[in-house]
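Colleague: Before I use any of the labels in your annotation, I would like to go through the reasoning behind them. Could you show me the model and take my questions one at a time?

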Amino acid sequence: IAMAGVAGRLARRWCRSAVRSPLQVISFPSLQLHLSGTAMRASQEDFESAMNQVKLLKKDPGNEVKLRLYALYKQATEGPCNMPKPGVFDFINKAKWDAWNALGSLPKETARQNYVDLVSSLTASSESSSQVKPGADREQQEYENLVVTSEDGITKIMFNRPTRKNAISTQMYQEIMLALKAASKDDSTITVVTGNGDYYCSGNDLANFTDIPPGGVEEKAKQSAIMLRDFVGTFIDFPKPLVAVVNGPAVGISVTILGLFDAVYASDRATFHTPFSHLGLSPEGCASYTFPKIMGPAKATEMLIFGKKLTAGEACAQGLVTEVFPDSTFQKEVWTRLKAYSKLPPNSMRISKQVIRNTEKEKLHAVNAEESSVLQERWLSDECINATMNFLSKKAKL
Ligand SMILES: CCCCC/C=C/CC(=O)SCCNC(=O)CCNC(=O)[C@H](O)C(C)(C)COP(=O)(O)OP(=O)(O)OC[C@H]1O[C@@H](n2cnc3c(N)ncnc32)[C@H](O)[C@@H]1OP(=O)(O)O
């Protein structure tokens with residue numbers, strides 16, 4: 001308890017100092033991938049102006065963003081981290097060191113650009129959130145690939161790349177993590193994930209693997225594994241009831257993470273497909289653990305190893321889906337039900353979820369780490385590279 005108290009005090013002090021100066025802010029490394037894709041290069045002037053804007057932010061951006069800012073600032077001004085690693089009890093400096101060190105050999109110019117991009121997204125989001133009318137159906141504008149709204153005690157995170165069948169790009173992974181983190185802290189009681197258009201989601205955007213960083217394909221695989229682990233970890237740790245409203249076909253990672261949701265409602269148009277072997281891949285999203293548990297090992301094998309596509313009815317019979325609705329009445333029926341659930345006492349729902357999840361959390365994180373590390377190897381395999389190239393050169397489709 002005493003340790004927790006000290007850590008809490010340190011964290012509060014750390015937060016206060018973090019907005020004062022970019023030198024004192026702290027950040028998570030995982031946005032590196034998305035941010036490093038920017039083609040433009042920021043000038044020293046842009047960088048200095050971004051540093052000033054950080055001090056003027058109206059809203060505290062939170063520890064994770066501060067860690068990210070810190071790491072990018074250090075990388076941009078001093079290059080790769082070569083400081084000695086602080087001791088385990090030096091919580092603050094260790095978190096900062098970890099964040100900086102995780103940027104590896106990211107070039108100074110890229111870090112500078114990423115810092116400028118991040119500050120500009122923070123400025124935009126703080127401006128748009130300050131324009132929100134209290135009590136209204138609030139739509140946060142800061143996401144490029146999501147539409148996030150809060151109404152009737154429900155925060156809805158909608159995948160919004162319908163022309164790509166809602167495939168999850170690198171940027172979209174980051175946006176989903178940000179949206180979930182915001183939803184975990186907002187005043188809604190239930191969080192819903194759904195898709196815009198005819199698909200729920202076609203899984204990982206296969207073009208993600210074409211954006212190769214200066215460190216080459218090995219570096220790309222390493223960064224992707226870190227991002228995947230962070231992404232799935234956000235679902236494992238999500239504290240409120242999390243519901244998937246599966247409006248159409250779901251593929252790959254959008255199916256596997258359903259095992260981490262608290263309820264899954266599906267239109268009878270939805271299908272559930274995890275074609276990992278076809279793509280030279282292996283399961284992620286903790287499905288190697290959750291699917292055998294949900295549906296038994298034999299049915300899980302058919303899905304995860306043989307790539308059998310399930311109808312909504314089959315997925316429901318196997319326990320992956322909670323209930324199936326006719327497509328014609330799907331939205332009406334599901335939202336009526338969710339609105340009723342959202343009026344239940346929020347603390348009770350959170351605590352019940354924690355009690356259910358806590359028995360497994362450690363195991364889920366261990367499975368997630370293992371799956372991510374196996375995939376890091378798979379992405380470099382001929383089987384995976386050939387399958388991805390075939391899709392991208394339009395020779396193959398599921
Ligand atoms: C990076 C770290 C994390 C990694 C985590 C790993 C996750 C594993 C997975 O998720 S595996 C699953 C990957 N997904 C796929 O293999 C699906 C590929 N897509 C298809 O096979 C088909 O597009 C389809 C069956 C989903 C839909 O076919 P349909 O004929 O109805 O539609 P189109 O093919 O014309 O699609 C419209 C355009 O959207 C593009 N697109 C669709 N899905 C993806 C995708 N997953 N990645 C990239 N692009 C996608 C498609 O190419 C079309 O583009 P075009 O208009 O330019 O041709």
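The conversation below goes through several labels and the values behind them.

Modeller: Please keep in mind throughout that this is a predicted model. As an overview, the chain has 16 helices and 10 strands, and buried residues make up 48% of its 398 residues. Its accessible surface comes to about 19000 Å², with 55% of that belonging to carbon and sulfur atoms.

Colleague: Why is His273 called buried?

Modeller: The relative accessible area of His273 is 10%, and the label buried applies under 20%, so His273 is buried. His273 is placed in strand β8, which covers residues 271–273. Leaving aside neighbours within four places in sequence, His273 is in contact with Ala250, Val251, Gly252, Val255, Gly307, Lys308, Lys309 and Leu398.

Colleague: What makes Glu219 partly exposed?

Modeller: Glu219, in helix α8 (residues 216–237), has a relative accessibility of 22%. Buried requires a value under 20% and exposed a value over 50%, with partly exposed in between, and therefore Glu219 counts as partly exposed. The C-alpha atom of Glu219 is separated by 9.9 Å from that of Ser105, although the two residues are 114 apart along the chain.

Colleague: How do you know that Phe91 can belong to a surface patch, and which residues make that patch?

Modeller: Phe91 has a relative accessibility of 34%, and patch residues need over 30%, so Phe91 passes that accessibility cut-off while being classed as partly exposed. The nonpolar patch is made by Val88, Phe89 and Phe91 and comes to about 330 Å². Phe91 itself lies in helix α5, residues 91–101.

Colleague: Why is helix α10 called oblique to helix α15?

Modeller: Two packed helices are described by the angle and the distance between their axes. The axes of α10 (residues 287–295) and α15 (residues 361–378) come within 9 Å and cross at roughly 125 degrees. Because roughly perpendicular covers 65 to 115 degrees and roughly antiparallel begins over 145, that crossing makes α10 oblique to α15.

Colleague: Which residues of these two helices meet?

Modeller: On the α10 side they are Ala287, Ser288, Tyr289 and Thr290, and on the α15 side Lys363, Leu364, Val367 and Glu371.

Colleague: What share of the contacts between residues at least 6 apart in sequence joins residues at least 24 apart?

Modeller: Within that set of contacts in the chain, the share is 76%.

Key
Residues numbered from 1 in each chain as written. Predicted model: local features only at pLDDT ≥ 70, side-chain atom pairs only at ≥ 80, totals over all residues. Heavy atoms only, no water. Helix = DSSP H or I, 4+ residues; strand = E, 2+ residues; numbered from the N terminus. Buried < 20%, exposed > 50% of the residue type's maximum accessible area, 1.4 Å probe, protein only. Contact = heavy atoms within 4.5 Å. Areas by Shrake-Rupley, 256 points an atom, 1.4 Å probe, with all protein chains shown as cover. Patch = residues over 30% accessible without salt bridge, like charges linked within 9 Å, V, L, I, M, F, W, Y side chains within 5 Å. Salt bridge = Lys/Arg side-chain N within 4 Å of Asp/Glu carboxyl O. Axes fitted to C-alpha atoms, helices over the stretch in contact; angles between N-to-C directions. Parallel < 35°, antiparallel > 145°, perpendicular 65-115°, else oblique.
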